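Me: I should like a close look at a single part of this structure, in one connected account. Please explain each technical term when it first appears.

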Amino acid sequence: MVEFLLYVAAFCMLSGATTANKTFISSGEMNITSCPITYYGQKYDKVYVTFNQNRFAVCFNNLYKPGIKNDCILMSGGTADRGNLAVLSREIPTGSGVHKLLPNLKGAGHCVNIIPLRDSQHSEIEQVELGNFGAQAILAIKTYSGYTSSEVEADALVDGLTVSKQRFQTAETIKGVITDVSGCRLSGVIYKTNTTVRNPDICSTVTCDVNGVVSAVSDCGPMERCQGNDSCILNTVCSVTGSAVVDFIGRVHSVPDRCGYTLLKPSTIPGFQVLGVFKERRRKDVSFLDRVILQTDGVQISLEQGSKVQVNNKNVMLSATTQVVYGVELSKDRTGVTAKITSSNYSISILFDGYTALIHMTGPDGAPVNGLCGDSGSTLSEERVSEHSATDCKIKHNEAADGTVNCNTITGWCNVLKQAPFSACNSYVDPEPFVTSCTQTLCKYPAVDHLDCQFLEAYVRACSYQGNVTVEEWRAKTSCSDVPQVFCQDKFCSAHEFCGVDSVSGETRCHCRAIFAAKYKPTSSFGEPTVCGKKSATVTLANCLLEDKGIDYSLLHLNDRTCRGKIHNQTHMVTFNFNSDNTCGAVIMANNSHIIYKNTIMTQNISMFGLITRHDLVHIDFTCYYTQPDVNTLAIKLKHSSVIQQIASGEWNYNLTMNAYASPDHMQAIESSTDIQLNEKLWVELKTEGLDEEMVVVVTDSCWATDQPSPSGSLRYDLIIKGCPNHADQTVKVDGNGMGTSSSFSFNAFQFSGNTGDVYLHCKVELCVKQSKTCTPTCNQAQRRRRSAMAKYEDENPAIISMAWTY
């Protein structure tokens with residue numbers, strides 16, 4: 001030993017060989033990346049030192065605390081309470097004095113961490129050295145005259161348990177002592193380098209080779225676990241996260257579509273099976289486990305998003321207290337919903353949190369297990385279940401790669417499952433399938449909604465089932481949520497939605513599934529086209545599309561603020577409507593061909609809430625229109641195409657004729673059999689015979705319609721008033737009135753509202769002597785009234801002539 005320490009001491013004094021690190025008092029943390037130490041199979045690049053009542057501790061996970069799991073070397077420290085660190089970097093070849101003293105040391109040395117310890121008077125008390133020999137390591141201790149104890153203790157701890165106790169007399173340590181701190185660790189047991197040992201506790205023969213690499217040959221099958229005393233039992237876990245299924249024997253199946261599949265069908269429990277239904281979320285080409293269905297004896301239990309549970313399509317309220325439903329134990333806590341069934345010494349439990357399902361099966365070995373989780377080797381198509389698969393579920397969708405995804409970064413993230421603290425599980429659950437499923441998903445799908453942590457969570461849970469191992473502080477070290485709880489607890493979404501995190505608010509909400517949203521996003525619409533009924537108009541919008549744009553449906557209304565959207569509790573579709581009884585402020589417009597009803601969905605006036613708003617303004621028009629007439633086949637027939645009447649007026653006797661035409665040139669006469677549509681323009685000519693055109697002209701004083709043959713009927717509509725068109729009816733035009741022995745006018749055909757009877761047209765005609773220009777009515781365009789003096793008319797017996805039409 002003296003030979004070795006003299007060698008190291010001489011080595012330390014070589015110029016340029018050492019680099020100083022920070023000095024510490026009482027305790028300190030030091031980075032030893034330049035000279036990492038592999039301590040009993042675990043590699044570390046930090047050391048933590050503490051002094052406590054004559055005890056000196058060098059630890060690798062954290063500062064030493066009694067009772068806490070940690071890898072440490074505990075030594076008596078004399079009166080030392082301070083020190084520093086120096087790193088010596090130089091090769092120590094095999095065959096050196098160190099290798100002669102420690103025959104199991106096979107590799108060359110690369111560097112030594114030297115920790116000199118002093119007391120408050122700066123007297124040298126002790127020196128501790130940790131040497132890097134690749135996968136192996138050595139510990140050297142040297143004491144000085146200031147060390148007053150008769151012996152030096154050196155206890156090696158792994159996971160807080162003492163695996164080695166050594167005592168050295170001071171007479172030895174003054175010269176220097178050296179010991180091997182190399183070895184392997186497996187399932188909490190430490191093995192010395194270059195040894196092979198039978199361990200009945202894990203039913204395995206364990207080898208720790210010369211390089212400190214551990215391997216174990218188990219007597220248990222791929223679905224078995226050792227229960228101690230060299231006894232194996234069925235104890236296996238199937239994990240389903242996203243579209244990746246890690247089955248009972250560690251194979252990875254990737255579900256490529258949105259169909260239903262058999263996950264588990266054990267032959268030991270007849271009639272029982274576990275199904276998984278997959279759907280897309282933010283991308284059309286990546287599917288996720290959407291719900292888990294348990295079927296047994298005609299009963300269907302569905303575990304769904306948000307910890308919702310349905311039994312035969314009826315909701316069941318659960319709590320942490322176990323509830324037995326048709327022989328299945330159901331419970332709910334912050335980690336998700338658990339269903340458990342026990343039969344014939346077999347036990348199957350299913351935990352589903354909305355993203356990941358863990359199926360844990362225990363019992364006697366030997367019986368085959370079918371389904372994607374089983375060991376039958378069946379193909380995906382053979383396990384597809386048509387009963388729970390939509391007709392288009394197998395359609396493949398291609399989408400452009402997500403530019404925000406860096407697969408190299410993702411691979412590094414997923415590989416943490418092979419590192420501390422997850423490495424504590426590696427001997428119980430192979431991390432490779434979980435790394436594969438993690439990278440396959442996250443290299444295509446963004447790490448949103450805590451999906452990246454879901455894969456780590458799945459591995460940790462599988463480890464707790466199979467190895468009964470709890471991984472300490474993994475959440476803090478990976479920046480995952482500190483609280484293990486189900487994502488989107490009690491957040492229930494519709495069939496076309498899924499629950500996720502809103503990128504703006506950071507809160508959870510229901511998002512549109514990609515295939516559903518694809519129908520609307522190209523046109524920037526929020527839902528279905530307007531549905532026009534006979535007396536109503538309805539528009540239906542998807543709330544998830546509104547929320548994608550930051551729109552709160554509860555702040556929207558129609559032109560009438562009291563008319564608001566109503567959301568359906570199951571579908572989350574928002575409906576706005578109005579009808580003839582409540583138009584909700586609809587604007588009604590008409591043109592020659594249509595009657596148009598227009599309303600607007602808009603944001604309420606929120607100025608009352610203060611100076612700010614967090615919602616965009618919304619203005620969505622929707623219309624319904626009706627072609628005029630309402631019934632396209634409705635036609636008008638003139639009862640008489642021409643009316644002739646004998647008139648006696650003073651000394652003049654003449655005939656007055658009223659004719660209807662379909663053209664302004666009066667060439668296309670309307671016969672009694674001609675169909676006329678509502679709103680069609682008609683031309684009417686009033687013509688006389690037997691008057692002296694040089695002396696007399698005809699003035700059409702007025703024309704009006706009634707619903708009865710009598711000109712004085714109570715229901716009356718005026719077309720011509722005092723020789724001028726009715727200013728309220730823009731369709732009426734008068735031509736040549738008071739300019740000759742005939743005149744004409746035109747108007748659009750109509751009927752009385754709510755009246756299906758005949759319409760009667762009456763005209764009052766007067767004669768005027770051509771002594772002045774006052775016979776011609778003068779109609780102001782704005783007021784459309786006649787200003788001529790009726791006193792100039794010579795006719796004291798005006799004629800009234802009538803015409804009728806029917807439907």
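The discussion below begins with the largest pocket and then follows the chain to disulfides. Which residues lie nearest the centre of the largest pocket, and where in the chain are they found?

Reply: This is a predicted model, in which local features need pLDDT of at least 70 and side-chain atom pairs count only at pLDDT 80 or more, whereas totals for chains, interfaces and linings use all residues. Residues are numbered from 1 along each chain as its sequence is written, and side-chain values use heavy atoms, with hydrogens and water left out.

The largest pocket has a volume of about 1500 Å³. A pocket is an open set of points on a 1 Å grid over the protein atoms alone, where a 1.4 Å probe fits and protein lies on both sides within 12 Å along at least five of seven lines; its volume is the space filled by probe spheres set on the points, which are joined across faces, edges and corners. A lining of 46 residues surrounds it (each with an atom within 4 Å of a point). Nearest its centre lie N61, D159, R185, P421 and A424. At least two lining residues come from each of β5 (42-44), β6 (46-52), β15 (161-169), β17 (184-186) and β18 (189-191). Such elements are DSSP runs numbered from the N terminus: helices are H or I, at least four residues, and strands are E, at least two.

Two of these central residues have unusual backbone geometry to examine. Most residues other than glycine have a negative phi, and most peptide bonds are trans. D159, in the loop between β14 (151-158) and β15, has a positive phi, near 55 degrees, although it is not a glycine. Its relative accessibility is 35%, so D159 counts as partly exposed (buried is under 20% relative accessible area, exposed over 50%, partly exposed in between, with a 1.4 Å probe and protein chains only). P421 belongs to the loop between α5 and α6, and the peptide bond that joins A420 to P421 is cis, with omega near 5 degrees.

The two helices on either side of that loop are also linked by a disulfide (a pair of cysteine sulfur atoms within 2.5 Å). In this disulfide, the sulfur atoms of C414 and C438 are 2.0 Å apart. The torsion about their S-S bond is about -70 degrees, so the disulfide is left-handed. Because C414 lies in helix α5 and C438 in helix α6 (residues 432-442), the pair ties together parts that are 24 residues apart in sequence. Both cysteines, C414 and C438, are buried.

The structure holds 18 disulfides. Another of them joins C259 and C393, with sulfur atoms 1.9 Å apart. Here the S-S torsion is about 90 degrees, so the disulfide of C259 and C393 is right-handed. C259 occupies the loop between β25 (252-254) and β26 (260-266), and C393 the loop between β38 (384-385) and α5 (407-414), so this pair ties together parts that are 134 residues apart in sequence. C259 and C393 are both buried.

A further disulfide is formed by C493 and C510, whose sulfur atoms are 2.1 Å apart. Its torsion is about -90 degrees, so the bridge between C493 and C510 is left-handed. Since C493 lies in the loop between α8 (474-478) and β39 (497-501) and C510 in strand β40 (residues 508-512), the parts tied together are 17 residues apart in sequence. C493 is buried, with a relative accessible area of 16%, and C510, at 8% relative accessibility, counts as buried.
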